[in-house]
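Visitor: I would like to learn how to read strand pairing and surface charge in a model. Could you take me through an example?

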Amino acid sequence: MNRNNKFSMPVKYLLLILSSICILLCILSFTDISAAPYLKDITGYILIPSQQGLNRIGEWFSDKADNLEKLKEVMAENELLREQNSALMEENSRIALERTELEQLRQLYKLDETYDYPKIMAKVIGKDPGNWFQIFQIDKGSADGITVDMNVLSGTGLVGIVTSVSEHSAIVRSIIDDSSNVSAEFSITSDICNVKGDLSLINEGKIHVEDILKDAKVDNGYTLVTSHISTKYLPGILIGYVSDITIDANNLTKSGYVTPVVDFEHLTYVLVITELKQH
């Protein structure tokens, strides 16, 4: 026996039944007024929830569209604010740089009045790697009258000395370089000493002072200037201030530290004294 037989109805009969029901409902709507409330109730139960659901869906899509539009506006405003902020940061950096350069130029003007030597201003155009200007290049050379051993100033005192020259540039070795030695003296007592560069100390803002006679009447805070007996440095140029003076192990000399008056981390302009020390 075939148990898989299922009830089926021809399509034409199904259409006929459905059409009959529709016709009956139409007739009832015109003839039997009392049935109208029930039809309305049926319609309300079916159509109203569907309509409410469709309205909620429509409102949800409308809210999403509004939120998306607002998001686009906020993103556009944020991008504009980022561009404006970047422009302001660049402007602030430029102003800060100009202010620093202006301050250095003011210091050079005062420095020019302090030391009665002929001078030429030069701009720093290159330096050795690192944070400090121990060896650097300036934009003036032999065509501008620059020669080896000319003294270089900045801030309120001595930077270093010219070590090599080309036609339109020159190399300067500053007093903080490890190979630098400057014959110096105490401005108050005229006691002679030697200022020696030390890059390992400059992070603390100091370099060495050595060979101070044991009996020299000097003390911390005293001023050091270039010595009148120096073979390369013109006399009387401010170097810095002494600290931590102690007697050496040989019991003959004293040594300590010097805090230079020049900011060797930020050099933009310098003055080159175009007069050489006469031997």
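Guide: What follows goes through the strands first and a charged patch afterwards. Keep in mind that this is a predicted model.

Visitor: In what order do the strands of the barrel that contains β1 close?

Guide: To read a barrel, follow the pairing from strand to strand until the list closes. Here six strands close in the order β1-β2-β5-β4-β3-β12, with antiparallel pairing. From one strand to the next, the twist averages 45°.

Visitor: How many bridges join β1 to β12, and which residue is the partner of M121?

Guide: A pairing is read from its bridges, and a single bridge gives the register. Strand β1 (residues 119-127) and strand β12 (residues 269-273) are antiparallel and share five bridges. M121 has L271 of β12 as its bridge partner.

Visitor: What joins β1 to β2?

Guide: Three bridges link β1 with strand β2 (residues 135-138), again in the antiparallel sense. Two positions show the register: G126 lies opposite Q137 in β2, and K127 has F136 as its bridge partner in β2.

Visitor: Where does the path go from β2?

Guide: Strand β2 pairs with strand β5 (residues 170-174) through four bridges, antiparallel. Q137, which stands opposite G126, has I171 of β5 as a bridge partner. Q137 can thus be used to trace the register from β1 to β5.

Visitor: How many bridges join β3 to β4?

Guide: Strand β3 (residues 151-154) and strand β4 (residues 157-165) run antiparallel and are joined by four bridges. In this pair, V152 is matched with G160 of β4.

Visitor: Which strands make up the barrel that contains β7, and by what angle are its neighbouring strands turned?

Guide: Read this barrel in the same manner. Six strands close in the order β6-β7-β8-β11-β10-β9, and the pairing is antiparallel. Neighbouring strands of this sheet are turned by 40° against each other on average, direction ignored. For one of its pairs, strand β7 (residues 192-196) and strand β8 (residues 207-213), there are three antiparallel bridges. N194 faces E210 in β8 there.

Visitor: Now the charges. Which residues form the negative surface patch?

Guide: For a patch, list the residues and then place them on the secondary structure. The negative surface patch consists of D63, D66, E69, E73 and E77. E77 belongs to helix α2, which spans residues 36-114.

Notes
Residues numbered from 1 in each chain as written. Predicted model: local features only at pLDDT ≥ 70, side-chain atom pairs only at ≥ 80, totals over all residues. Heavy atoms only, no water. Pairing = 2+ DSSP bridges. Axes fitted to C-alpha atoms, helices over the stretch in contact; angles between N-to-C directions. Patch = residues over 30% accessible without salt bridge, like charges linked within 9 Å, V, L, I, M, F, W, Y side chains within 5 Å. Areas by Shrake-Rupley, 256 points an atom, 1.4 Å probe, with all protein chains shown as cover. Salt bridge = Lys/Arg side-chain N within 4 Å of Asp/Glu carboxyl O. Lys, Arg positive; Asp, Glu negative; His and termini not counted. Charge placed at Lys NZ, Arg CZ, Asp CG, Glu CD.
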